[in-house]
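Hi,

Here is the structure I said I would pass on. Have a look at it first, and my notes follow underneath.

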Amino acid sequence: MQTLNYEFPATQVARRAVHIGVVASGDLEILLAPPESGEPPDLATVRVRTSVNGFDTVWHDVLERFFARATLAGRWELNDFGATPGVVNLRLRQAAESATTNGADS
């Protein structure tokens, strides 16, 4: 099990907490919470817990690409069980959409 930590600049704050996906083979769970009082409202902090070691560069590249487009501040927790970059991107987009709209959690 490997834990990776990243920070990305953000211009928009998550409106609400969301939970997307599951920790299952080939999938990814994302927990996103808006910044708490005292936390910077212009920063996305990302913690990735993955069962697959040695993909630091791939994680960084996928996350950097996502946060270049979706600059959403908050505490992002990603729990990975072998998700492909395509699944990661899908789950990230689902979490961002859910956190910025008035709909129910997915």
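Let me start with Asn-89, which has its place in helix α2. Keep in mind throughout that this is a predicted model. Is Asn-89 buried, exposed or something in between? At a relative accessible area of 22%, Asn-89 comes out as partly exposed, because buried would need a value under 20%. Setting aside neighbours within four places in sequence, Asn-89 is in contact with Phe-66 and Arg-69. If you want a distance to check, the C-alpha atoms of Asn-89 and Thr-45 are 17 Å apart, with the two positions 44 residues apart in sequence.

Those two contacts of Asn-89 belong to the packing of two helices. Helix α1 covers residues 56-69 and helix α2 covers residues 85-100; they pack at an angle of about 35 degrees, and their axes are 11 Å apart. The crossing of α1 past α2 is right-handed. On the α1 side, the contact is made by Val-58, Trp-59, Val-62, Leu-63, Phe-66 and Arg-69. On the α2 side, the residues are Pro-85, Val-88, Asn-89, Leu-92, Arg-93 and Ala-96.

Val-58 turns up twice in my notes. Besides being part of that helix contact, Val-58 joins Val-52 and Phe-55 in a nonpolar surface patch of about 210 Å². Val-58 itself lies in α1. How can Val-58 count towards a surface patch? Its relative accessible area is 36%, so Val-58 is partly exposed, and patch residues need over 30%.

Next, the salt bridges. The count comes to 5. One of the pairs is Arg-91 with Asp-27, where the closest N and O atoms are 3.1 Å apart. That pair links distant parts of the chain: Arg-91 sits in helix α2, whereas Asp-27 is in the loop between β3 (18-20) and β4 (28-33), 64 residues away. Are these two partners buried or exposed? Arg-91 is buried, with 17% relative accessibility, and Asp-27 is buried as well, with 13%. Both count as buried because their values are under 20%. Leaving out neighbours within four places in sequence, Arg-91 is in contact with Ile-20, Gly-21, Asp-27, Leu-28 and Ile-30.

Glu-77 has salt bridges with two arginines, Arg-47 and Arg-49. With Arg-47, the N to O distance is 2.5 Å. Glu-77 is in strand β6 (residues 72-80) and Arg-47 in strand β5 (residues 43-50), so this pair ties together parts that are 30 residues apart in sequence. With Arg-49, the closest N and O atoms are 2.7 Å apart. Arg-49 also lies in β5, so here the parts tied together are 28 residues apart in sequence. How accessible are the three residues? Each one is partly exposed: Glu-77 at 22% relative accessibility, Arg-47 at 30% and Arg-49 at 29%. Elsewhere, salt bridges with shared partners join Glu-36, Glu-39 and Arg-75 into one network.

Asp-27 comes up again with Ala-83, a residue in the loop between β6 and α2. Ala-83 touches Gly-26, Asp-27, Leu-28 and Val-88, not counting residues up to four places away in sequence. Asp-27 and Leu-28 are also among the contacts of Arg-91. With 14% relative accessibility, Ala-83 counts as buried. Ala-83 and Met-1 are 82 residues apart in sequence, and their C-alpha atoms are 14 Å apart in space.

Last one: Pro-9, in strand β1 (residues 2-9). Is Pro-9 buried or exposed? Its relative accessible area is 61%, so Pro-9 is exposed, the cut-off for that being over 50%. Pro-9 still touches Asp-42, Leu-43 and Thr-71, again leaving aside residues up to four places away in sequence. From Pro-9 to Pro-40 it is 9.9 Å in space, C-alpha to C-alpha, and 31 residues in sequence.

Cheers

Note on methods: Residues are numbered from 1 along each chain as its sequence is written. This is a predicted model: local features need pLDDT of at least 70, side-chain atom pairs count only at pLDDT 80 or more; totals for chains, interfaces and linings use all residues. Side-chain values use heavy atoms; hydrogens and water are left out. Patches are made of residues with over 30% relative accessible area and no salt bridge: like charges are joined within 9 Å, nonpolar side chains (Val, Leu, Ile, Met, Phe, Trp, Tyr) within 5 Å. Accessible areas come from the Shrake-Rupley method with a 1.4 Å probe; for residues, only the protein chains shown count as cover. A salt bridge is a side-chain nitrogen of Lys or Arg within 4 Å of a carboxyl oxygen of Asp or Glu. Helices (H or I, at least four residues) and strands (E, at least two) are DSSP runs, numbered from the N terminus. Buried means under 20% relative accessible area, exposed over 50%, partly exposed in between (1.4 Å probe, protein chains only). Axes are lines fitted to C-alpha atoms, for helices over the stretch in contact, and angles run from 0 to 180 degrees between N-to-C directions. A crossing is left-handed if the near helix is turned anticlockwise from the far one by less than a right angle, and right-handed if clockwise. Contact means heavy atoms within 4.5 Å.
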